[in-house]
Amino acid sequence: KAMQIPYEIRYIDKQKGRGVVATEFISKYSMVWTGLDHAVFRTEQDFKAFLKRIGYDLACDVLQWAYVEPCDLDDYDKLSKLN
């Protein structure tokens, strides 16, 4: 679970679209998100296969919210053992 606080996805406005909105007050210095819940794809083909499996609507969300980070093969091998 990446989000550490209660939240919901809401439509903000036409310019911003959807956003993540806290449903409770967040105290200063509170942990709100961790990067532990993520996916790593070794190849573009693996990523495309994943998108096909999750369906059109969820694939659109993934493409909108996903980001890329550099990852060397040693890092990938360590991460794959965690999954």
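This section describes the fold, helix packing, salt bridges and surface of a predicted model.

The protein comprises three helices and two strands. Read from the N terminus, these elements follow the order β-β-α-α-α. Of the 83 residues in the protein, 12% are buried. The accessible surface amounts to about 7500 Å², and carbon and sulfur atoms account for 55% of that area. When contacts between residues at least 6 apart in sequence are considered, 41% of them join residues at least 24 apart.

Helix H1 spans residues 44-54, and helix H2 spans residues 56-65. The axes of H1 and H2 lie 6 Å apart and enclose an angle of about 135 degrees. H1 is therefore oblique to H2, given that an angle counts as roughly antiparallel over 145 degrees and as roughly perpendicular from 65 to 115 degrees. On the H1 side, the residues in contact are Phe47, Phe50, Leu51 and Ile54, which meet Tyr56, Leu58, Ala59, Val62 and Leu63 of H2.

Three salt bridges are present in the structure. One of them pairs Arg18 with Asp61, with a separation of 2.6 Å between the closest N and O atoms. Because Arg18 belongs to strand S2 (residues 17-22) and Asp61 to helix H2, this pair ties together parts that are 43 residues apart in sequence. Arg18 has a relative accessible area of 35% and is thus partly exposed. Asp61 is likewise classed as partly exposed, with a value of 25%.

A salt bridge is also formed within helix H1, where Lys48 and Glu44 are four residues apart, a spacing of about one helical turn. The closest N and O atoms of Lys48 and Glu44 are 3.0 Å apart. Lys48 has a relative accessible area of 45% and is partly exposed, whereas Glu44, at 51%, is exposed. The assignments of these two residues fall on either side of the 50% cut-off, over which a residue counts as exposed.

The remaining salt bridge links Glu8 to Arg10, and here the closest N and O atoms are separated by 2.4 Å. Glu8 is partly exposed at 34% relative accessibility. Arg10 is also partly exposed, its relative accessibility being 37%.

Turning to the nonpolar surface, a patch of about 390 Å² is made by Tyr7, Ile9, Val20 and Trp65. Val20 is located in strand S2, the strand that also carries Arg18 of the salt bridge to Asp61. With a relative accessible area of 43%, Val20 is partly exposed. Another member of the patch, Trp65, occupies the last position of the range assigned to helix H2 (residues 56-65).

The loop between S2 and H1 contains Arg42. At 46% relative accessibility, this residue is partly exposed. Arg42 and Asp72 are 30 residues apart along the chain, and their C-alpha atoms are separated by 9.8 Å.

Key: Residues numbered from 1 in each chain as written. Predicted model: local features only at pLDDT ≥ 70, side-chain atom pairs only at ≥ 80, totals over all residues. Heavy atoms only, no water. Salt bridge = Lys/Arg side-chain N within 4 Å of Asp/Glu carboxyl O. Buried < 20%, exposed > 50% of the residue type's maximum accessible area, 1.4 Å probe, protein only. Patch = residues over 30% accessible without salt bridge, like charges linked within 9 Å, V, L, I, M, F, W, Y side chains within 5 Å. Areas by Shrake-Rupley, 256 points an atom, 1.4 Å probe, with all protein chains shown as cover. Axes fitted to C-alpha atoms, helices over the stretch in contact; angles between N-to-C directions. Parallel < 35°, antiparallel > 145°, perpendicular 65-115°, else oblique. Contact = heavy atoms within 4.5 Å.
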